[in-house]
Amino acid sequence: MCYVTSKRPLNRACHRSRTAVIAAGTVLGLGLSAASLAAEPVRPDLTPKLQGLLKKEMIQIELAMHEIYSAIIQGRHAVVAEKGQAIHDSFILAQSLTDEDRQDLKAAVPPEFLQMDGYLHELSASLAEAGQSRDTARQVALYAHMTESCVACHSAYVTDRFEGLQDAEIPAGWGRAPAEQESGQGD
Ligand code: HEC
C-alpha cells in the first residue's frame, strides 16, 4: 500500500519500485535497495521556498526526536504523545504548503521520496497513540522504525549533504511500510 498525499501516479510507482527491488536482487545479487541504486539528491530540484520549508521542518523533527527519546526512556508518556503528534502535524506535506507548492514538490521529487515521507508521517501518528496508551515497548519499536526512515531517505536523497551515508548499505525495508514490501499492492 502507498501512503501519500497524492493519489494519482502512486499505484504505478509502487509497482515500479517493487520491480526495481526485484531486479536489483536477482540481476546484481546485491542487498541494496532500489532507492540507493537509483536515487539522486532532491535538493537541487526544489524551489527555494520548498528548500527553506523542508530544512526548517527537518530541524524541528530532529529536535522532537531528541525529546521523544528522552521521554521514552523515562516513561513520560504524555510527552511521547505530544511530540509524536507534533511531528505528525508539523509535517511538510500536511501543512504550510500552498497548492502550488505541493505541485512543485511532486514535480521535483520521485514518488519513492513521497512514499517515505508518507510512511514517516504514519509512524509518528502511531507513536502518538503508543504514548497515549502508555505502551513503552511499542514506543521503542516505533522510534526505531522512525530512525530507519530518516536514514533511508537521507541515504537515498540527501547524500549531497550527508556524504557519510552515501555508501551506507541500507536494508531494503527501511523507510517503507510493511504492506508495500510484501504485496506491492496499491490502495
Ligand atoms: C522523505 C525524506 C526524508 C525523511 C523521511 C527524513 N528526512 Fe531529514 N532531510 C530530508 C531532506 C531532503 C533534507 C535536506 C534539506 C535541506 O537541507 O535542504 C533533510 C535534512 C535533514 C536535517 C538537516 C537540517 C539542516 O539543514 O540542518 C536533519 C537534522 C534531518 N533531516 C532530520 C531528520 C530526521 C530526524 C528524520 C526522521 C525522524 C528525517 N530527517 C527524515 C529528507 C528527509
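**Entry 1: α3 and α7**

Which residues in α3 meet which residues in α7? I began with this contact in what is a predicted model. On the α3 side I found I68, Y69 and I72, and on the α7 side T136, Q139, V140 and Y143. I sorted the residues of this contact by class and noted five nonpolar, two polar and no charged.

I then looked up how the two helices lie. Helix α3 covers residues 48-73 and helix α7 covers residues 136-157; their axes are 10 Å apart, and the packing angle is about 150°. An angle over 145 degrees counts as roughly antiparallel. I therefore recorded α3 and α7 as roughly antiparallel to each other. I also noted that α3 passes α7 in a left-handed crossing.

**Entry 2: α3 and α4**

How do the axes of α3 and α4 cross? I read a crossing angle of roughly 160° for α3 with helix α4 (residues 77-89), and their axes come within 9 Å. I therefore entered α3 and α4 as roughly antiparallel to each other. Their crossing is left-handed.

I listed the residues that make the contact. From α3 these are I61, A64, E67, I68, A71 and I72, and from α4 they are V79, V80, K83, G84, A86 and I87. By class I noted nine nonpolar, one polar and two charged residues in the contact of α3 with α4. I68 and I72 were familiar to me, as both also belong to the contact of α3 with α7.

**Entry 3: α6 and α7**

I turned next to α6, which spans 111-132. The axes of α6 and α7 cross at roughly 160° and come within 9 Å. I therefore recorded α6 and α7 as roughly antiparallel to each other. I noted a left-handed crossing here too.

Which residues in α6 meet α7? I found F113, M116, Y119, L120, L123, S124, S126, L127, A130 and G131. Their partners in α7 are R138, Q139, L142, Y143, H145, M146, S149, A152, C153 and Y157. I counted this contact of α6 with α7 by class as 13 nonpolar, six polar and one charged residues. Q139 and Y143 of α7 also meet α3.

**Entry 4: the ligand**

How many residues surround the ligand? I noted 22, of which the closest are M58, E62, D117, C150 and C153. I checked which elements give two or more residues to this shell, and they are α3, α6 and α7. The most comes from α3, with eight residues. By class, I recorded the shell around the ligand as 14 nonpolar, three polar and five charged residues. C153, one of the closest residues to the ligand, is also in the contact of α7 with α6.

**Entry 5: confidence**

Where in the protein is confidence lowest, and where is it highest? I found the lowest in helix α1 (residues 10-28), at a mean of 41, and the highest in α7, at 97. Over residues 1-36 the pLDDT is below 50. I noted that this stretch has 57 contacts in the model beyond near neighbours in sequence. The protein averages a pLDDT of 80, and 73% of the residues score at least 70.

How values were computed
Residues numbered from 1 in each chain as written. Predicted model: local features only at pLDDT ≥ 70, side-chain atom pairs only at ≥ 80, totals over all residues. Axes fitted to C-alpha atoms, helices over the stretch in contact; angles between N-to-C directions. Helix = DSSP H or I, 4+ residues; strand = E, 2+ residues; numbered from the N terminus. Parallel < 35°, antiparallel > 145°, perpendicular 65-115°, else oblique. Left-handed = near helix turned anticlockwise from the far one by under 90°. Contact = placed C-beta atoms within 7 Å. Nonpolar A, V, L, I, M, F, W, Y, C, P; charged D, E, K, R; others polar. pLDDT = per-residue confidence, 0-100. Near = placed C-beta within 6 Å.
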